[in-house]
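Hi,

Here is the structure I promised to pass on. Have a look at it first, and then read on for what I found.

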Amino acid sequence: MASGNESGNSKLQLYSYWRSSCSCRVRIGLNLKGLDYEYKAVNLVKGEQDSPEFRKLNPLGYVPVLVDGDVVLSDSFAILMYLEEKFPQHPLLPSDLKIKAINFEVANIVSSSIQPLQNLVVLKYIDEKFSPDEKLPWVKHFLGKGFAALEKLLKDYAGKYATGDEVYLADCFLAPQLDTAFKRFNLDMSEFPILVRLHEAYGELPAFQKAMPANQPDTPSS
Ligand SMILES: N[C@@H](CCC(=O)N[C@@H](CS)C(=O)NCC(=O)O)C(=O)O
(Lines give C-alpha, C1' and ligand atoms only; values in the text may rest on other atoms or scores of the structure.)
Protein backbone atom coordinates (compact mmCIF):
# COMPACT_ATOMS: atom_id res chain seq x y z
CA MET A 1 0.00 0.00 0.00
CA ALA A 2 1.28 3.50 -0.84
CA SER A 3 2.40 5.55 2.16
CA GLY A 4 1.32 9.07 3.04
CA ASN A 5 -0.59 11.18 0.57
CA GLU A 6 0.67 12.24 -2.78
CA SER A 7 1.27 15.86 -1.96
CA GLY A 8 3.79 14.85 0.68
CA ASN A 9 1.71 16.32 3.50
CA SER A 10 1.34 14.63 6.86
CA LYS A 11 -0.26 11.19 6.94
CA LEU A 12 -4.03 11.05 6.64
CA GLN A 13 -5.81 10.33 9.92
CA LEU A 14 -9.14 8.56 10.11
CA TYR A 15 -11.23 8.73 13.28
CA SER A 16 -13.18 5.51 13.10
CA TYR A 17 -15.01 2.85 15.08
CA TRP A 18 -14.70 -0.78 14.03
CA ARG A 19 -18.45 -1.42 13.75
CA SER A 20 -19.35 1.95 12.20
CA SER A 21 -20.70 1.40 8.69
CA CYS A 22 -20.06 5.07 7.88
CA SER A 23 -16.38 4.68 8.82
CA CYS A 24 -16.24 1.47 6.81
CA ARG A 25 -17.32 3.34 3.64
CA VAL A 26 -14.27 5.58 3.97
CA ARG A 27 -11.94 2.70 4.88
CA ILE A 28 -12.98 1.00 1.63
CA GLY A 29 -12.36 4.19 -0.38
CA LEU A 30 -8.92 4.66 1.20
CA ASN A 31 -8.02 1.03 0.49
CA LEU A 32 -9.24 1.19 -3.12
CA LYS A 33 -7.09 4.25 -3.69
CA GLY A 34 -4.11 2.63 -1.97
CA LEU A 35 -3.82 5.37 0.65
CA ASP A 36 -2.14 4.68 3.95
CA TYR A 37 -3.71 6.29 7.01
CA GLU A 38 -3.43 6.46 10.76
CA TYR A 39 -6.36 4.74 12.45
CA LYS A 40 -7.68 6.77 15.39
CA ALA A 41 -10.18 4.65 17.28
CA VAL A 42 -13.22 6.35 18.82
CA ASN A 43 -15.17 3.95 21.05
CA LEU A 44 -18.82 4.83 20.42
CA VAL A 45 -20.09 2.42 23.06
CA LYS A 46 -17.93 4.07 25.73
CA GLY A 47 -19.16 7.50 24.56
CA GLU A 48 -15.79 8.78 23.34
CA GLN A 49 -17.62 10.64 20.54
CA ASP A 50 -18.95 12.98 23.24
CA SER A 51 -15.52 14.00 24.54
CA PRO A 52 -14.72 17.72 24.18
CA GLU A 53 -11.64 16.87 22.06
CA PHE A 54 -13.65 14.84 19.58
CA ARG A 55 -16.50 17.38 19.50
CA LYS A 56 -13.94 19.95 18.35
CA LEU A 57 -13.38 17.78 15.26
CA ASN A 58 -17.07 16.99 14.73
CA PRO A 59 -19.63 18.95 16.73
CA LEU A 60 -22.24 16.29 15.83
CA GLY A 61 -20.21 13.63 17.61
CA TYR A 62 -20.20 11.11 14.76
CA VAL A 63 -17.46 9.11 13.07
CA PRO A 64 -15.87 9.07 10.55
CA VAL A 65 -13.69 12.16 10.63
CA LEU A 66 -10.81 12.51 8.19
CA VAL A 67 -7.93 14.83 8.97
CA ASP A 68 -5.61 15.76 6.12
CA GLY A 69 -3.25 18.47 7.40
CA ASP A 70 -5.50 21.45 8.10
CA VAL A 71 -8.50 19.87 6.37
CA VAL A 72 -10.99 18.29 8.80
CA LEU A 73 -14.00 16.55 7.26
CA SER A 74 -16.76 14.78 9.09
CA ASP A 75 -19.14 13.05 6.72
CA SER A 76 -18.40 9.91 4.75
CA PHE A 77 -19.84 11.30 1.50
CA ALA A 78 -17.87 14.56 1.77
CA ILE A 79 -14.74 12.62 2.71
CA LEU A 80 -15.02 10.24 -0.24
CA MET A 81 -15.64 13.13 -2.66
CA TYR A 82 -12.59 14.92 -1.24
CA LEU A 83 -10.44 11.81 -1.65
CA GLU A 84 -11.80 11.35 -5.17
CA GLU A 85 -10.64 14.80 -6.26
CA LYS A 86 -7.34 14.79 -4.42
CA PHE A 87 -6.34 11.22 -5.28
CA PRO A 88 -7.72 10.38 -8.72
CA GLN A 89 -6.28 6.84 -8.79
CA HIS A 90 -8.96 4.15 -8.86
CA PRO A 91 -11.90 6.50 -9.59
CA LEU A 92 -14.92 6.08 -7.32
CA LEU A 93 -17.19 7.60 -9.96
CA PRO A 94 -17.70 6.48 -13.56
CA SER A 95 -17.57 9.04 -16.38
CA ASP A 96 -21.01 8.00 -17.69
CA LEU A 97 -23.41 10.66 -16.39
CA LYS A 98 -26.33 8.32 -15.79
CA ILE A 99 -24.28 5.67 -13.98
CA LYS A 100 -22.60 8.38 -11.93
CA ALA A 101 -26.04 9.67 -10.86
CA ILE A 102 -27.13 6.13 -9.94
CA ASN A 103 -24.02 5.87 -7.75
CA PHE A 104 -25.06 9.06 -5.94
CA GLU A 105 -28.60 7.73 -5.61
CA VAL A 106 -27.50 4.42 -4.07
CA ALA A 107 -25.06 6.18 -1.72
CA ASN A 108 -27.76 8.55 -0.56
CA ILE A 109 -30.42 5.87 -0.10
CA VAL A 110 -27.98 4.13 2.26
CA SER A 111 -26.74 7.26 4.01
CA SER A 112 -30.03 9.16 4.26
CA SER A 113 -32.81 6.59 4.31
CA ILE A 114 -31.29 3.54 6.00
CA GLN A 115 -28.25 4.13 8.23
CA PRO A 116 -29.49 7.19 10.18
CA LEU A 117 -32.50 5.18 11.35
CA GLN A 118 -30.26 2.59 13.00
CA ASN A 119 -27.65 4.95 14.40
CA LEU A 120 -26.55 4.25 17.96
CA VAL A 121 -27.96 7.56 19.16
CA VAL A 122 -31.39 6.67 17.69
CA LEU A 123 -31.39 3.17 19.16
CA LYS A 124 -30.45 4.58 22.57
CA TYR A 125 -33.34 7.02 22.31
CA ILE A 126 -35.80 4.22 21.48
CA ASP A 127 -34.37 2.21 24.37
CA GLU A 128 -34.88 5.04 26.85
CA LYS A 129 -38.18 6.53 25.63
CA PHE A 130 -39.94 3.36 24.51
CA SER A 131 -38.53 -0.12 25.15
CA PRO A 132 -35.42 -2.14 24.27
CA ASP A 133 -37.79 -4.62 22.57
CA GLU A 134 -38.75 -2.00 19.99
CA LYS A 135 -35.20 -1.59 18.68
CA LEU A 136 -34.71 -4.65 16.50
CA PRO A 137 -38.14 -4.53 14.79
CA TRP A 138 -37.55 -0.83 14.11
CA VAL A 139 -34.15 -1.47 12.52
CA LYS A 140 -35.40 -4.42 10.48
CA HIS A 141 -38.39 -2.44 9.21
CA PHE A 142 -36.25 0.37 7.80
CA LEU A 143 -33.50 -1.95 6.54
CA GLY A 144 -36.16 -3.96 4.68
CA LYS A 145 -37.77 -0.84 3.21
CA GLY A 146 -34.44 0.52 2.00
CA PHE A 147 -33.22 -2.83 0.69
CA ALA A 148 -36.47 -3.40 -1.23
CA ALA A 149 -35.93 -0.08 -3.02
CA LEU A 150 -32.27 -0.85 -3.72
CA GLU A 151 -33.07 -4.33 -5.02
CA LYS A 152 -35.56 -2.82 -7.47
CA LEU A 153 -33.21 -0.05 -8.56
CA LEU A 154 -30.18 -2.29 -9.04
CA LYS A 155 -32.08 -4.77 -11.20
CA ASP A 156 -31.41 -2.42 -14.10
CA TYR A 157 -27.79 -1.57 -13.26
CA ALA A 158 -25.99 -4.33 -11.37
CA GLY A 159 -23.26 -6.36 -13.02
CA LYS A 160 -20.62 -8.01 -10.95
CA TYR A 161 -20.96 -4.98 -8.64
CA ALA A 162 -23.73 -2.46 -7.96
CA THR A 163 -23.58 -0.43 -11.16
CA GLY A 164 -21.65 -2.68 -13.52
CA ASP A 165 -18.46 -4.69 -13.51
CA GLU A 166 -16.33 -2.03 -11.80
CA VAL A 167 -16.38 -1.08 -8.13
CA TYR A 168 -17.60 2.46 -7.49
CA LEU A 169 -19.02 4.74 -4.81
CA ALA A 170 -22.30 2.81 -4.59
CA ASP A 171 -20.34 -0.29 -3.56
CA CYS A 172 -18.48 1.64 -0.84
CA PHE A 173 -21.85 2.48 0.71
CA LEU A 174 -23.59 -0.84 0.08
CA ALA A 175 -20.94 -3.23 1.38
CA PRO A 176 -20.93 -2.02 5.02
CA GLN A 177 -24.72 -1.74 5.09
CA LEU A 178 -25.04 -5.33 3.88
CA ASP A 179 -22.44 -6.55 6.35
CA THR A 180 -24.41 -4.85 9.15
CA ALA A 181 -27.69 -6.40 7.99
CA PHE A 182 -26.21 -9.89 7.86
CA LYS A 183 -23.93 -9.94 10.87
CA ARG A 184 -25.34 -7.45 13.33
CA PHE A 185 -29.08 -7.51 12.68
CA ASN A 186 -29.49 -10.97 11.14
CA LEU A 187 -31.95 -9.67 8.55
CA ASP A 188 -33.82 -12.18 6.39
CA MET A 189 -32.29 -11.47 2.97
CA SER A 190 -34.33 -14.01 0.98
CA GLU A 191 -36.15 -11.27 -0.92
CA PHE A 192 -32.98 -9.52 -1.98
CA PRO A 193 -31.04 -11.88 -4.30
CA ILE A 194 -29.09 -9.09 -6.02
CA LEU A 195 -27.96 -7.65 -2.69
CA VAL A 196 -26.96 -11.12 -1.47
CA ARG A 197 -24.91 -11.62 -4.63
CA LEU A 198 -23.20 -8.26 -4.19
CA HIS A 199 -22.42 -9.05 -0.55
CA GLU A 200 -20.69 -12.24 -1.70
CA ALA A 201 -18.78 -10.38 -4.43
CA TYR A 202 -17.48 -7.81 -1.90
CA GLY A 203 -16.21 -10.66 0.27
CA GLU A 204 -13.80 -11.56 -2.54
CA LEU A 205 -12.16 -8.12 -2.75
CA PRO A 206 -9.14 -7.42 -0.48
CA ALA A 207 -9.86 -3.65 -0.30
CA PHE A 208 -13.32 -4.45 1.05
CA GLN A 209 -12.32 -7.34 3.31
CA LYS A 210 -9.62 -5.26 4.95
CA ALA A 211 -12.13 -2.47 5.68
CA MET A 212 -14.79 -4.64 7.27
CA PRO A 213 -15.68 -4.39 10.98
CA ALA A 214 -14.14 -7.78 11.77
CA ASN A 215 -10.66 -6.64 10.72
CA GLN A 216 -10.03 -3.29 12.43
CA PRO A 217 -7.39 -2.38 15.03
CA ASP A 218 -10.16 -1.71 17.59
CA THR A 219 -12.25 -4.82 16.77
CA PRO A 220 -12.78 -6.66 20.08
CA SER A 221 -10.99 -10.02 20.18
CA SER A 222 -14.07 -11.94 21.35
N1 LIG B 1 -23.80 11.26 7.56
C2 LIG B 1 -22.72 10.82 8.40
C3 LIG B 1 -23.28 9.96 9.50
C4 LIG B 1 -22.23 9.54 10.51
C5 LIG B 1 -22.79 8.61 11.56
O6 LIG B 1 -23.99 8.50 11.75
N7 LIG B 1 -21.88 7.89 12.25
C8 LIG B 1 -22.28 6.94 13.26
C9 LIG B 1 -21.56 5.62 13.08
S10 LIG B 1 -21.95 4.86 11.54
C11 LIG B 1 -21.91 7.48 14.64
O12 LIG B 1 -20.85 8.01 14.82
N13 LIG B 1 -22.82 7.32 15.61
C14 LIG B 1 -22.55 7.76 16.95
C15 LIG B 1 -23.79 7.79 17.78
O16 LIG B 1 -24.86 7.43 17.31
O17 LIG B 1 -23.65 8.20 18.95
C18 LIG B 1 -21.68 10.08 7.54
O19 LIG B 1 -22.04 9.58 6.47
O20 LIG B 1 -20.50 10.04 7.91
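Let me begin with the ligand: one of its oxygen atoms is 2.8 Å from an N or O atom in the side chain of N119, a polar contact, that is, a pair of N or O atoms within 3.5 Å (within protein, one must be able to donate a hydrogen and the other to accept it, and residues adjacent in sequence count only if both atoms are side-chain atoms). The protein covers 90% of the 520 Å² of accessible area that the ligand has on its own; accessible areas come from the Shrake-Rupley method with a 1.4 Å probe, and for residues only the protein chains shown count as cover.

Before more detail, a word on what you are looking at. This is a predicted model, in which local features need pLDDT of at least 70 and side-chain atom pairs count only at pLDDT 80 or more, while totals for chains, interfaces and linings use all residues. Residues are numbered from 1 along each chain as its sequence is written, and side-chain values use heavy atoms, with hydrogens and water left out.

Back to the ligand site. S76 also makes a polar contact there, with an N or O atom of its side chain 2.6 Å from an oxygen atom of the ligand. For Q49, a polar side-chain atom lies 3.0 Å from a ligand oxygen. Around the ligand there are 15 residues, of which V63, D75, S76, N119 and V121 come nearest; a residue counts as near if one of its heavy atoms lies within 4 Å of the molecule or strand in question. Helices α1 (21–32) and α5 (120–129) each supply at least two residues of this shell, and α1 gives the most, with three residues. Helices (H or I, at least four residues) and strands (E, at least two) are DSSP runs, numbered from the N terminus.

Where does the ligand sit? The ligand is in the largest pocket. On a 1 Å grid over the protein atoms alone, a pocket is an open set of points with protein on both sides within 12 Å along at least five of seven lines, as opposed to a cavity, where a 1.4 Å probe fits but cannot get out; lining residues have an atom within 4 Å of a point. A molecule sits in either if more than half of its atoms lie within 2 Å of its grid points.

Next, the strands. All five residues of β1 (12–16) are buried, meaning under 20% relative accessible area, with exposed over 50% and partly exposed in between (1.4 Å probe, protein chains only). L12, L14 and S16 point one way from β1, and Q13 and Y15 the other way. This strand pairs with β2 (37–41) in the parallel sense over five bridges, pairing being called when DSSP finds at least two bridges between two strands. L14 has Y39 of β2 as its bridge partner.

On β3 (65–68), V65 and V67 point one way and L66 and D68 the other, and all are buried. β3 runs antiparallel to β1, joined by three bridges, and antiparallel to β4 (71–73), again joined by three bridges. V67 is a handy residue to follow here: Q13 stands opposite V67 on one strand, and V72 of β4 stands opposite V67 as well. β3 and β4 form a hairpin with two residues between them, and G69 in the turn has a positive phi of about 60 degrees.

There are some backbone details to check too. V63 and P64 are joined by a cis peptide bond, with omega of about 5 degrees, and P64 is found in the loop between α2 (52–57) and β3. H90, in the loop between α3 (76–86) and α4 (97–114), is not a glycine, yet its phi is positive, near 45 degrees. H90 is partly exposed, at 33% relative accessible area. N186, in the loop between α7 (169–184) and α8 (193–202), is another non-glycine with a positive phi, about 50 degrees. Is N186 buried or exposed? At 59% relative accessibility, N186 is exposed.

Lastly, two distances. R25 is found in α1 and is buried, at 2% relative accessibility; its C-alpha atom is 8.1 Å from that of A211, although the two are 186 residues apart along the chain. M189 lies in the loop between α7 and α8 and is buried at 7%. M189 and P206 are 17 residues apart in sequence and 24 Å apart in space, C-alpha to C-alpha.

Best wishes
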